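Student: I am new to this structure and would like a close look at a single part of it. Please take the aromatic residues and describe what surrounds them.

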Amino acid sequence: MTVAALSNEGSKPAAAWGAVLSMALCVAMLIASEFMPVSLLTPMAEGLRATEGQTGQAISISGLFAVAASMAITTAAGTLNRKWVLVAMTAFMLVSLILVAVAPNFAVLMLGRALLGICIGGFWALATAVIMRLVPEAEVPRALALMYGGQAIAAAFAAPVGSYLCGIFGWRAVFWALTPIVAVNLVWHLIALPSLPARQRQDVRTMFGLLKRPYFLRGLIASMLSWGSAFTMFTYLRPFLEQVTGADVTTLSILLLALGCAGFVGTWGAGRFLSGSVAPLLKVPTLLMGGCTLGLMLLGSSVVAAGLFLALWGAMNTAMSVIWMTWMSRNVDDAPEAAGSLMVAAIQASILLGAVIGGLLLDGLSIFATFAGSVVLAAIGIAVIGDGRRLLKSK
């Protein structure tokens, strides 16, 4: 008992890797649920009698509610134990999947996606702060990489498997297939997550205080541009591969699998190379992902070239999450929940705007206009980041 008391005397318990793995599975399910419409965009549009641009808003509506939830969750949760907040968010995801799977019309689909948005915003607002409590400080980058390994798993298998199963059973069956996995994850949370009492109540003043820090505000803007660029392109990737690359269902699944599998390399590399300063790495994902999008515009008619560009894009997509959340954990460690809320709101807002702008460009002009918009956002993001040093707090 004495040893246990001494080990818990500090704010850091012994590393709870089982809980980290449970969160990694939740991340995988969140990513799969949020972005599954990307690989199912065409059949979903046909089934709901909507345009591809309109159906792409199924991603933007979840982003809209995620923005609201991420801003409200740390305040609304008050002194609630963070374990039970995470359990509730996972339960919302389960209900959302069922609603989408049975949706008889576009309105019900949007309702299910709105509920998913609440889950996304709530989970991500707390995720980094929770990870910082589950493992010692030196292990935080590795734990974040492990958690975002769930993103890599979803990117590797959700889209290609979803696309393949859709071709056989239809798009509704794909969402039904996710429900038992989320149910298992819910039980795992209950078992693996330790009690996480709220340490201090966050309020709106804390968030406004963070926005007054120039380095954090610059980082927030840069992250918005980075994710906005990524998802202006990624949301409408399937129409590009069908129209420009000429990919059939099998080829599409292979290309999406290449993109997803590369994500494992991205999380591994980010976790390995984040032992030093994070500043030089902040612009790397946006630079390379923007370059890949430009490469697709120029050489995307070749299946081989498209596969290579998508593999590099996939690696940088998962690395970007680990890099930016490590930046947050090191530079706003005095208010991680408030910072997490603002980061998630910024990222989800950029995903929302990326989906909306990309859809308007696709329906109004062409898929090339959508990809060009992505490249422009990437260029602006790189300019804001610079060498990354102005995004670090003063020592």
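Tutor: What follows goes through the aromatic pairs, then the core, and then a few other places in the chain.

The model is predicted. Its protein chain has 17 helices and zero strands. Of the 395 residues, 57% count as buried. Among contacts between residues at least 6 apart in sequence, 87% join residues at least 24 apart.

Now to the rings. A pair of aromatic rings is described by the distance of the centres and the angle of the planes. The count here comes to eight aromatic pairs. One of them is formed by Phe231 and Phe234, which meet edge-to-face, with 5.7 Å centre to centre and 85° between the planes. Both residues belong to helix H11, which covers residues 214-234, and they sit three residues apart, about one turn of the helix. An α-helix has 3.6 residues a turn, so residues three or four places apart point the same way. Phe231 is buried, and Phe234 is buried too.

Another pair, Phe240 with Phe371, is stacked: the centres are 4.5 Å apart and the planes make an angle of 15°. Phe240 is in helix H12 (residues 237-245) and Phe371 is in helix H17 (residues 367-385), so this pair ties together parts that are 131 residues apart in sequence. Phe240 and Phe371 are both buried.

Ring pairs also link Phe216, Trp324 and Trp327 into a cluster. Two residues of that cluster appear again in the core. The largest nonpolar core has 117 residues, and those that touch the most other members are Met23, Trp124, Leu134, Phe216 and Trp324. Helix H7 (residues 106-134) supplies the largest share of this core, 14 residues. In soluble globular proteins, nonpolar side chains tend to be buried together.

Trp324 can be followed further through its contacts. Leaving aside neighbours within four places in sequence, Trp324 is in contact with Gly219, Ala222, Ser223, Ser226, Trp227, Leu282, Met343, Ile385 and Leu391. Trp227 in turn is one of two residues in contact with Ile347, the other being Met325, when neighbours of Ile347 within four places in sequence are left aside. Ile347 lies in helix H16, which runs over residues 336-364. With a relative accessible area of 8%, Ile347 falls under the 20% cut-off and is therefore buried. The C-alpha atoms of Ile347 and Val67 are separated by 8.2 Å, although the two residues are 280 residues apart along the chain.

One more aromatic side chain has a charged residue beside its ring. Lys83 lies over the face of Trp84, at 5.2 Å from the ring centre.

Helix H9 (residues 171-192) also carries aromatic residues. Among its buried residues are Trp171 and Phe175, along with Val174, Leu178 and Leu186. The helix has 22 residues and reaches 32 Å from its first C-alpha to its last, close to the 32 Å expected at 1.5 Å a residue.

Last, the cysteines. A disulfide is a covalent bond between the sulfur atoms of two cysteines. The structure holds zero disulfides. Cys292 is buried, with a relative accessible area of 2%, whereas Cys261 counts as partly exposed at 34%.

Key. Residues are numbered from 1 along each chain as its sequence is written. This is a predicted model: local features need pLDDT of at least 70, side-chain atom pairs count only at pLDDT 80 or more; totals for chains, interfaces and linings use all residues. Side-chain values use heavy atoms; hydrogens and water are left out. Helices (H or I, at least four residues) and strands (E, at least two) are DSSP runs, numbered from the N terminus. Buried means under 20% relative accessible area, exposed over 50%, partly exposed in between (1.4 Å probe, protein chains only). Contact means heavy atoms within 4.5 Å. A disulfide is a pair of cysteine sulfur atoms within 2.5 Å. Rings of Phe, Tyr and Trp (its six-membered ring) pair if their centres lie within 6.5 Å; planes under 30 degrees apart count as stacked, over 60 as edge-to-face and the rest as tilted. A charge sits over a ring if NZ of Lys or CZ of Arg is within 6 Å of the ring centre and within 35 degrees of the ring normal. A nonpolar core is a set of buried Ala, Val, Leu, Ile, Met, Phe, Trp, Tyr and Cys residues joined through side-chain atoms within 4.5 Å. The expected span of a helix is 1.5 Å times one less than its number of residues.
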